[in-house]
2 protein chains.
Amino acid sequence: MRLSARSEYGLLAMIELAGRIGEGPASAREISEVQAIPPKFLEQLLVTLRKAGLVTAVRGARGGFVLDGAPEDISVLQIIEVLDGPLSPTVCDDERAAACGKSGACAAGTVWNRATRALREVFEETTLADLASEQRRMDSHK
Amino acid sequence: MRLSARSEYGLLAMIELAGRIGEGPASAREISEVQAIPPKFLEQLLVTLRKAGLVTAVRGARGGFVLDGAPEDISVLQIIEVLDGPLSPTVCDDERAAACGKSGACAAGTVWNRATRALREVFEETTLADLASEQRRMDSHK
DNA sequence: GGAATTCTTACTGAAATACTATGATTTCAC
DNA sequence: GTGAAATCATAGTATTTCAGTAAGAATTCC
């Protein structure tokens, strides 16, 4: 249940890439400037995203990154889980589960699960296509 | 958007208290043993909960803590926000907002907001009464 | 060959987390 | 009124995580 700067930056970068489809690869430096993200940090995130198959990298001069797949097919959840790990309740795992077992089951767990499910739903149903068009709308309205 | 052990332990303790209404004060040590929570840590959490008005403390021997108010009136959200601070998007604040301002508004922000809202809903609509009865149900089903 | 880029690995400073320690204060029971 | 049991207050600490930096190797375009 932790959402760090990695997800935030990563999502910004992915939205940026989604808005540049058909324009050839965008370099990490370019993206970092437009989105105000620490360049070396972003570089790492992009490599992670590539290893997960969400972007394609073009090495060498004039290289950069391109979205891998259609924006409609990439959900925010995918990006988050690649960068911050699985979106689990953080709470109620490992030893805690054992403690729960001691006294049967814990009602607390049901809340954490509902919360996680709610988060997943939001992140799963939102795609880069949604966000890219939202971004265009925002940009055009001044 | 961070849910730490404080919230987890605190919720467990509050559920425990909700299940003991009418039995007089429960000491921190007692609760810590039943729920397998580090005792001194729990002590601090309970003091915090008292300062927020969610529990009442009875000092001295035979003292302890009692739920302050009816379980139906205490939401999980209240507990979480007291112990872990406001449930805000973590992301997209401060300097980031300034960066957003630079290029207008950011579509990413809309996702974080939806996510936060979804979380709040779950936590807000779940009360200690719900969890206490859920717990009783779980305990009775062996 | 040189410049621009990704890739890899390692490092680091700062903050947060999850406690622990100590002792003062209050109160009940006897 | 003394001792035990409890809360309260404050400070300390070990570990981890976060966010970012650094340095250089590998790749590719021009």
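Of the atoms of DNA strand C that come within 4 Å of the protein, 66% are sugar or phosphate atoms, and the rest belong to bases. That is how things stand in this predicted model. Around DNA strand C there are 29 residues, and the closest are Glu43(A), Arg50(A), Arg2(B), Tyr9(B) and Gln44(B). Sorted by class, the residues of this surface come out as 11 nonpolar, 8 polar and 10 charged.

A few side chains of chain B reach the bases of DNA strand C. Gln44(B) puts a polar side-chain atom 2.8 Å from a base oxygen of the strand. Lys40(B) has a polar side-chain atom 3.2 Å from a base oxygen of DNA strand C, and for Arg59(B) an N or O atom of the side chain is likewise 3.2 Å from a base oxygen. As for the elements behind this surface, those that give two or more residues are α2 (28-35), α3, β1 (55-58) and β2 (64-67) on the chain A side, together with α1 and α3 of chain B. The largest share comes from α3(A), with 6 residues.

Now for the other strand. DNA strand D is surrounded by 29 residues, the closest being Arg2(A), Gln44(A), Ala28(B), Glu43(B) and Arg50(B). Here, 69% of the strand atoms within 4 Å of the protein belong to sugar or phosphate, with the rest in bases. The surface near DNA strand D is made up of 11 nonpolar, 8 polar and 10 charged residues.

Both phosphates and bases of DNA strand D turn up in its contacts with the protein. A backbone N or O atom of Ala28(B) sits 2.8 Å from a phosphate oxygen of the strand, and a polar side-chain atom of Tyr9(A) sits 3.2 Å from a phosphate oxygen. Ala61(A), for its part, brings a backbone N or O atom to 3.2 Å from a base oxygen of DNA strand D. In this case the elements with two or more residues at the surface are α1 and α3 of chain A, plus α2 (28-35), α3, β1 (55-58) and β2 (64-67) of chain B. It is α3(B) that gives the most to the surface near DNA strand D, namely 6 residues.

Tyr9 also matters for the next topic, the aromatic rings. Over all chains, the structure holds 4 aromatic pairs. One of them joins Tyr9(A) and Phe41(A): the ring centres are 5.8 Å apart and the planes stand at 90°, over the 60 degrees required, so this pair is edge-to-face. Tyr9(A) belongs to helix α1 (residues 5-18) of chain A and Phe41(A) to helix α3 (residues 39-51) of chain A, so the pair ties together parts that lie 32 residues apart in sequence. Tyr9(A) counts as buried because its relative accessibility of 16% is under the 20% limit. Phe41(A), at 27% relative accessibility, counts as partly exposed.

Chain B has a pair of its own between Tyr9(B) and Phe41(B). Their ring centres are 5.8 Å apart and their planes are at 90°, so this pair is edge-to-face too. Tyr9(B) is in helix α1 (residues 5-18) of chain B and Phe41(B) in helix α3 (residues 39-51) of chain B, so once again parts 32 residues apart in sequence are tied together. Tyr9(B) is buried, at 15% relative accessibility, while Phe41(B) is partly exposed, with a relative accessible area of 28%.

Elsewhere in chain A, Arg20(A) is found in the loop between α1 and α2. Is this arginine buried or exposed? With a relative accessibility of 16%, Arg20(A) counts as buried. Its side chain makes a polar contact of 2.9 Å with the side chain of Glu16(A). Leaving aside residues up to four places away in sequence, Arg20(A) also touches Ala26(A), Glu30(A) and Val34(A).

Finally, the cysteines. How many disulfides does the whole structure hold? The search finds 0 over all chains. Cys106(A) is buried, its relative accessible area being 14%, and Cys106(B) counts as buried at 14% relative accessibility.

How values were computed: Residues numbered from 1 in each chain as written. Chains lettered and ligands numbered in written order. Predicted model: local features only at pLDDT ≥ 70, side-chain atom pairs only at ≥ 80, totals over all residues. Heavy atoms only, no water. Phe/Tyr/Trp six-rings, centres within 6.5 Å; stacked < 30°, edge-to-face > 60°. Helix = DSSP H or I, 4+ residues; strand = E, 2+ residues; numbered from the N terminus. Buried < 20%, exposed > 50% of the residue type's maximum accessible area, 1.4 Å probe, protein only. Near = heavy atom within 4 Å. Polar contact = N/O pair within 3.5 Å; in protein donor to acceptor, adjacent residues only side chain to side chain. Nonpolar A, V, L, I, M, F, W, Y, C, P; charged D, E, K, R; others polar. Disulfide = S-S within 2.5 Å. Contact = heavy atoms within 4.5 Å.
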